[in-house]
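This report looks at a ligand site, a helix that contributes to it, and one loop residue. The structure is shown first.

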Amino acid sequence: MGDVAALKAKVAELEAELTKASGAKASGELWASPMTTCSRRAIAACIEAGVEFKFVPIHLPKVEHKLPEFVAINPNGKVPAWRDSEGFNLFESRAIARHVAEGSSLIPPTAKARALMEQWLWVDEGTFKPAVMPILYMKVIKKAPLDEGKVAQCRTELEPILDQMEAALTASGLDYLACDTFTLADLTYCCYFQLFPPAGLSDLLEPRPTLAAWVARCLARPSWQATLALDFIEERKLPEDPLGREKPWSP
Ligand SMILES: N[C@@H](CCC(=O)N[C@@H](CS)C(=O)NCC(=O)O)C(=O)O
């Protein structure tokens with residue numbers, strides 16, 4: 001049994017080396033607005049995976065995401081979007097995160113852990129996001145008129161998912177959702193849990209201590225903290241701006 005585990009670890013190590021040696025890691029431009037949940041997912045994935053990327057800040061209030069240059073990458077006119085030097089375009093934050101994560105520790109080494117990662121990514125898209133986003137929109141992102149009935153309904157939908165996460169982490173005894181290291185399964189939720197305090201949702205973590213500890217671990221990742229850092233944009237002045245702007249992101 002011990003031999004099998006050692007062999008699997010060796011296979012994973014060799015696969016990682018092979019990916020590295022073949023230069024399979026992605027590199028390209030990430031067009032995104034660091035203030036949005038979806039963009040933050042993609043930015044954090046790029047940083048965590050250690051890919052080489054040029055950050056192209058997209059100013060949503062200036063409607064830069066509807067410019068022809070942007071729509072050429074994402075016909076939906078929504079951030080984030082990815083383009084590489086070969087003209088490969090990609091949209092949808094989870095697809096971008098999956099692409100840049102290739103060959104990094106964000107993708108678990110075993111088939112079962114990868115399947116668990118997919119499971120939690122689907123839970124995110126299918127149930128967590130629909131339950132949490134209306135609250136985040138109303139209370140934090142757009143500060144739209146508050147519909148207390150909708151908030152209550154969304155909280156009711158969120159609770160069983162949080163219970164599932166608490167139960168899964170408790171049962172596995174692992175630090176993270178898919179395996180014992182931080183993967184896309186964890187990263188995908190950072191953008192929501194970051195906004196739990198301003199959205200008045202922190203009380204949902206109080207009766208779920210294992211989940212709360214996992215949230216704290218995930219949000220403390222240096223990649224996540226770098227994603228949140230506002231001076232991130234200022235530090236990355238573009239020598240050549242794809243949108244031809246003199247000062248990208250100037251207010
Ligand atoms: N499912 C897409 C959603 C993209 C999306 O809705 N982006 C928002 C920001 S989170 C956006 O660009 N909103 C501006 C708009 O719709 O005009 C993804 O994950 O990338």
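A residue is called buried if 20 or more other C-beta atoms lie within 10 Å of its own, exposed if 12 or fewer do, and partly exposed in between. The model described here is predicted.

## A loop residue, Thr 181

Thr 181 has 14 C-beta neighbours inside 10 Å, and therefore it counts as partly exposed. Its place in the chain is the loop that joins helix H6 (148–172) to helix H7 (184–193).

Apart from neighbours within four places in sequence, the contacts of Thr 181 are Ser 105 and Tyr 176. Between Thr 181 and Pro 108 the C-alpha to C-alpha distance is 7.9 Å, although 73 residues separate them in sequence.

## The ligand shell

The ligand is surrounded by Thr 36, Thr 37, Cys 38, Leu 60, His 65, Lys 78, Val 79, Pro 80, Glu 92, Ser 93 and Arg 94. Sorted by class, this shell holds four nonpolar, four polar and three charged residues.

Two helices, H2 (37–49) and H4 (93–101), each provide at least two residues of the shell.

## Helix H4

Ser 93, one of the residues around the ligand, is also buried in H4. The other buried residues of this helix are Ile 96, Ala 97, His 99, Val 100 and Ala 101.

What do the buried residues of H4 pack against? Their partners are H2, strand E3 (81–83), strand E4 (89–91) and H7. After H4 comes Gly 103, which has a positive phi near 80°.

Methods
Residues are numbered from 1 along each chain as its sequence is written. This is a predicted model: local features need pLDDT of at least 70, side-chain atom pairs count only at pLDDT 80 or more; totals for chains, interfaces and linings use all residues. A residue is near a molecule or strand if its C-beta atom, placed from the backbone, lies within 6 Å of it. Helices (H or I, at least four residues) and strands (E, at least two) are DSSP runs, numbered from the N terminus. Ala, Val, Leu, Ile, Met, Phe, Trp, Tyr, Cys and Pro count as nonpolar, Asp, Glu, Lys and Arg as charged, and the others, Gly among them, as polar. Two residues are in contact if their C-beta atoms, placed from the backbone, lie within 7 Å.
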